[in-house]
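Please find below some notes on the chain you sent. They are set out as numbered points, from the fold to the charged side chains.

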Amino acid sequence: NKLYDMGILNYKTNLEDVEKKVNVSAFCRRRLPVVLFRNKYCETMKEAVTFVEQSQIRVGVDVINNPAFIVTRSMEDHI
């Protein structure tokens with residue numbers, strides 16, 4: 001359930017499937033610049049990283065300046 005809530009898995013599953021489906025790229029797809037680029041807030045990944053590093057992006061009420069910030073499913077609507 002936690003991996004589904006984070007957005008790592010696309011559907012809720014049992015623990016046997018987790019070791020096959022969870023990999024590093026699943027975590028990288030949940031990073032803030034990747035989510036910004038995928039949702040078309042930015043034209044390029046470099047531009048998305050620059051916006052985050054310059055503290056121009058907020059998630060909820062928090063200003064984020066770390067490009068490695070992991071965005072969960074519930075936070076994705078508050079960017």
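1. The model is predicted. Taking contacts in the chain between residues at least 6 apart in sequence, 39% join residues at least 24 apart.

2. The chain contains 5 helices and 2 strands. Their order along the sequence is α-α-α-α-α-β-β.

3. As for dimensions, the C-alpha trace spans about 40 × 25 × 20 Å along its principal axes. The accessible surface of the chain is about 5700 Å², and carbon and sulfur atoms account for 51% of that surface. Of the 79 residues in the chain, 25% are buried.

4. On charges, the chain has 12 positive and 10 negative ones, and the mean positions of the two sets lie 2 Å apart. Side chains of opposite charge can pair when their charged atoms come close. How many salt bridges does the count come to? The count comes to 1 salt bridge.

5. The pair is Glu 76 and Arg 30, with 3.1 Å between the closest N and O atoms. This salt bridge links distant parts of the chain, its two residues being 46 residues apart. Glu 76 sits in the segment after β2 (62–64), while Arg 30 is in the loop between α3 (24–28) and α4 (32–38).

6. Are the partners of this salt bridge buried or exposed? Glu 76 has a relative accessibility of 17% and therefore counts as buried, the cut-off being under 20%. Arg 30 is buried too, with a relative accessible area of 6%.

Definitions and conventions. Residues numbered from 1 in each chain as written. Predicted model: local features only at pLDDT ≥ 70, side-chain atom pairs only at ≥ 80, totals over all residues. Heavy atoms only, no water. Salt bridge = Lys/Arg side-chain N within 4 Å of Asp/Glu carboxyl O. Helix = DSSP H or I, 4+ residues; strand = E, 2+ residues; numbered from the N terminus. Buried < 20%, exposed > 50% of the residue type's maximum accessible area, 1.4 Å probe, protein only. Contact = heavy atoms within 4.5 Å. Areas by Shrake-Rupley, 256 points an atom, 1.4 Å probe, with all protein chains shown as cover. Lys, Arg positive; Asp, Glu negative; His and termini not counted. Charge placed at Lys NZ, Arg CZ, Asp CG, Glu CD.
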